[in-house]
There are 2 protein chains.
Amino acid sequence: MTDQSTAPRPTLEAVAARAGVSRATASRVVNGGEGVREPLVERVRRAVDELGYVPNQAARSLVTRRHDAVAVVIAEPETRVFADPFFALQLRGISKELTAHDSQLVLLLTEGRDDHARVARYLAGGHVDGALVFSLHLDDPLPGLIHGVPTVYGGRPGWSDASRGAVYVDCDNRGGAREAVRHLVGLGRRRIAHISGALDQTSAVDRLDGYRDVMADADPRLIVESDFTPGGGERAMRELLDRCPDLDGVFAANDLTAAGALRVLRERGRRVPEDVAVVGFDDMLPFTEQADPPLTTVRQDIEEIPATTPSRRQPRFRRHRPSLGLACSRRHRPPRGPARSYGRRFPATQAGA
Amino acid sequence: MTDQSTAPRPTLEAVAARAGVSRATASRVVNGGEGVREPLVERVRRAVDELGYVPNQAARSLVTRRHDAVAVVIAEPETRVFADPFFALQLRGISKELTAHDSQLVLLLTEGRDDHARVARYLAGGHVDGALVFSLHLDDPLPGLIHGVPTVYGGRPGWSDASRGAVYVDCDNRGGAREAVRHLVGLGRRRIAHISGALDQTSAVDRLDGYRDVMADADPRLIVESDFTPGGGERAMRELLDRCPDLDGVFAANDLTAAGALRVLRERGRRVPEDVAVVGFDDMLPFTEQADPPLTTVRQDIEEIPATTPSRRQPRFRRHRPSLGLACSRRHRPPRGPARSYGRRFPATQAGA
DNA sequence: GGCTCGCTTGGGAGCGCTCTCAGCGCACCC
DNA sequence: GGGTGCGCTGAGAGCGCTCCCAAGCGAGCC
């Protein structure tokens with residue numbers, strides 16, 4: 001096996017020399033070949049192949065001030081939540097999108113609060129062309145610390161001063177929740193409970209608001225705060241059943257929670273959906289575990305949220321709206337096709353625009 | 001909000017000028033201050049603070065040929081598997097370790113086979129100081145494509161020519177499996193089944209081998225290949241119960257599989273561990289779902305596998321051995337403390353050394 | 001006192017690339 | 001035939017940093 005790691009990598013200079021052109025021309029070819037006559041393009045291409053030339057990204061960045069890299073910040077202290085397939089799917093979607101635009105994904109996981117300064121410093125350091133920040137909690141100081149780099153939040157950030165005007169991508173949590181609850185109402189359910197997510201996250205708050213929009217005068221005992229996990233869903237469901245044994249519907253803040261709830265309902269001998277109808281959120285079930293029984297869920301096309309990028313320097317994102325998955329409680333996926341978008345587009349520029 | 005993104009970032013030159021020293025001295029201070037007298041160090045530090053100077057990594061890399069970045073390649077085509085908390089934990093452990101050494105984590109997810117060339121090109125491009133490659137399948141062509149960058153595999157790669165001599169980190173899957181099965185034997189179980197992982201991955205093969213080491217003359221019908229997922233575990237368990245209703249022990253290739261198996265055992269009315277004792281692998285349960293009932297598992301300290309790095313340029317890793325979690329079937333974690341290591345250390349250099 | 005040596009400091013080259021600008025050749029037109 | 005303009009190519013100046021090397025400056029020693 002040849003040890004290529006010690007051999008000096010060929011430079012543009014070497015390519016140019018081999019092709020018998022100037023460095024400038026070689027550079028043009030490497031960057032697309034615009035404005036270079038065909039025979040020269042051909043010669044340079046061959047030289048590149050023969051030498052196995054790969055551009056030095058550092059040198060390129062030094063002059064272009066572009067990095068072809070985007071940071072993904074996951075501001076989630078808890079390992080467990082990071083292990084949530086929701087993140088994994090999002091990451092994969094982002095990765096796909098970045099790859100399509102020749103960009104790299106730099107993953108920044110924060111280890112507790114003190115780490116925010118480190119992340120902010122890194123982002124300010126101009127190492128990446130932009131940042132995507134996920135899983136912010138309501139009182140998170142991170143938005144106030146980020147300067148100098150276009151930032152898009154995954155999920156509506158809380159209304160702190162720093163995040164006012166921030167650009168974010170989110171699905172219509174409130175509307176989706178409304179649809180979910182209306183679906184239960186449409187099934188004739190009257191005692192509909194809600195297991196919310198952790199209320200320090202806007203997605204949980206918005207889904208709760210959506211629930212309240214429909215169930216304005218609901219018994220407050222029908223609402224339990226949980227934490228988006230199956231275990232939390234179990235605990236919440238037990239509490240709900242103890243409090244309100246007569247409940248006949250449950251809207252869970254996400255599918256993991258719903259999975260836990262289903263387990264408890266089964267354990268307590270309630271038939272789903274005959275005795276208690278359950279609706280989840282996210283359409284994550286196929287990726288976590290076989291729901292038993294299958295579950296209605298609000299679909300959110302997580303992996304497709306990172307949308308196309310018309311311009312390399314100005315990535316754009318779309319706001320998605322979940323479509324409701326559907327009438328019959330025994331299907332995972334809604335028949336209505338992929339999530340519809342609002343059609344509005346947000347330029348990924350910094351807050352304050 | 002001031003728009004710092006348009007203001008030109010200060011350079012070392014500016015810092016030097018403000019501190020009244022040369023660029024060389026300023027550079028020395030920024031890089032640790034070795035060999036610079038205290039008053040100058042102080043002045044430079046202050047200038048850095050006042051100007052908000054952050055080194056330009058591109059310029060630095062251009063000359064040092066270091067990037068302070070490591071690529072993590074997850075060669076896993078299936079979204080579902082990527083969502084496995086096992087990866088999430090590994091990523092978090094790696095992130096922690098890299099952060100401690102001021103390195104960044106560049107995440108490379110492959111989208112199917114064709115993507116391997118892209119990944120190999122990126123790695124060859126000298127963008128990163130090293131690569132960690134995970135979740136390789138037995139016939140994966142990736143090891144043959146990677147050149148020019150120190151590579152460490154997470155999990156023993158298959159014995160293709162390209163990966164011969166490759167450096168890898170893995171736990172002692174075979175030994176751990178042996179311990180797990182011996183544990184079941186020690187409980188007096190005689191009809192011990194094995195639900196293996198996908199046998200195109202060495203970890204699955206090794207665990208199966210470990211099972212066979214102990215159960216040399218086992219009924220072949222007691223072995224079912226599965227896929228490391230809860231759903232797969234359910235299917236496998238059903239098949240096993242149909243084939244061998246008299247089984248009294250199950251060694252599952254990982255905890256997700258075990259969780260699925262437990263669900264089916266409960267469904268079929270078998271008591272665990274009275275009727276059927278179950279042992280998993282990975283000690284992942286706390287991160288996935290409440291196992292019901294709790295499960296014995298072979299502990300693998302996933303998050304701690306990426307070990308300390310004595311030298312920044314030559315990261316080192318330790319090989320870990322799982323410790324067995326334990327006699328009583330009702331605890332998650334073994335009381336023996338963290339995984340013990342072999343004490344051997346592997347320099348993270350390229351294959352062929 | 002002069003010389004040597006070691007510790008600090010500054011000057012300057014150069015990492016590999018992009019991009020501006022000037023130059024050159026070739027129609028094309030008058 | 002000469003001028004004009006356009007399209008292509010090359011020369012060269014940096015991008016911001018590190019690091020080599022030489023110079024400066026005391027302290028210590030003969």
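# Legends to the close-up views

**View 1. A backbone N or O atom of Ser22(A) lies 3.0 Å from a phosphate oxygen of DNA strand D.** A polar contact is here a pair of N or O atoms within 3.5 Å; within protein, one atom must be able to donate a hydrogen and the other to accept it, and residues adjacent in sequence count only if both atoms are side-chain atoms. The model is predicted: local features need pLDDT of at least 70 and side-chain atom pairs count only at pLDDT 80 or more, while totals for chains, interfaces and linings use all residues, and side-chain values use heavy atoms, without hydrogens and water. Residues are numbered from 1 along each chain as its sequence is written, with chains lettered from A and ligands numbered from 1 in the order in which they are written. The side chain of Thr25(A) also reaches the backbone of DNA strand D, with an N or O atom 2.8 Å from a phosphate oxygen. Arg23(A) addresses a base instead: a polar side-chain atom lies 3.0 Å from a base nitrogen of DNA strand D. Two or more residues of the surface near this strand come from each of helix H2 (23-30) and helix H4 (57-64) of chain A, and from each of helix H2 (23-30) and helix H4 (57-64) of chain B. Helices (H or I, at least four residues) and strands (E, at least two) are DSSP runs, numbered from the N terminus.

**View 2. The protein surface around DNA strand D has 28 residues.** A residue is near a molecule or strand if one of its heavy atoms lies within 4 Å of it. Arg28(A), Arg65(A), Leu12(B), Ser27(B) and Tyr53(B) come nearest. H4(B) gives the largest share of this surface, five residues. By class there are 13 nonpolar, eight polar and seven charged residues, where Ala, Val, Leu, Ile, Met, Phe, Trp, Tyr, Cys and Pro count as nonpolar, Asp, Glu, Lys and Arg as charged, and the others, Gly among them, as polar. Of the atoms of DNA strand D within 4 Å of the protein, 65% are sugar or phosphate atoms and the rest belong to bases. For Arg65(A), phi is near 60°, a positive value in a residue other than glycine; Arg65(A) sits in the loop between H4 and E1 of chain A.

**View 3. Around DNA strand C there are 28 residues, the closest being Leu12(A), Ser27(A), Tyr53(A), Arg28(B) and Arg65(B).** A side-chain N or O atom of Arg65(B) is 2.5 Å from a phosphate oxygen of DNA strand C, and one of Ser27(A) is 2.6 Å from a phosphate oxygen of that strand. Arg37(B) uses a polar backbone atom, 2.9 Å from a phosphate oxygen. The largest share of the surface, five residues, comes from H4(A). Of the strand C atoms within 4 Å of the protein, 64% belong to sugar or phosphate and the rest to bases.

**View 4. H1(A) (residues 12-19) and H2(A) have axes that come within 8 Å and cross at roughly 105°.** Axes are lines fitted to C-alpha atoms, for helices over the stretch in contact, and angles run from 0 to 180 degrees between N-to-C directions. H1(A) and H2(A) are therefore roughly perpendicular; angles under 35 degrees count as roughly parallel, over 145 as roughly antiparallel, 65 to 115 as roughly perpendicular and the rest as oblique. Leu12(A), Glu13(A), Val15(A) and Ala16(A) of H1(A) meet Arg23(A), Ala26(A), Ser27(A) and Val30(A) of H2(A), contact meaning heavy atoms within 4.5 Å. This contact has five nonpolar, one polar and two charged residues.

**View 5. The axes of H2(B) and H3(B) (residues 38-51) cross at roughly 85° and come within 9 Å.** H2(B) and H3(B) are therefore roughly perpendicular to each other. From H2(B), Thr25(B), Ala26(B), Val29(B) and Val30(B) take part, facing Leu40(B), Val41(B), Val44(B), Arg45(B) and Val48(B) of H3(B). The contact divides into seven nonpolar residues, one polar and one charged.

**View 6. An open sheet of ten strands with mixed pairing runs in the order E5(A)-E4(A)-E3(A)-E1(A)-E2(A)-E2(B)-E1(B)-E3(B)-E4(B)-E5(B).** Two strands pair if DSSP finds at least two bridges between them. E5 (167-169) of chain A and E5 (167-169) of chain B are the edge strands, each pairing on one side only. In chain B, E1 (residues 69-74) and E2 (residues 104-109) run parallel and are joined by six bridges.

**View 7. A cis peptide bond links Val272(A) to Pro273(A), with omega near 5°.** Pro273(A) lies in the loop between helix H12 (255-267) and strand E9 (277-282) of chain A. In chain B, the bond between Val272(B) and Pro273(B) is cis, with omega about 5°.
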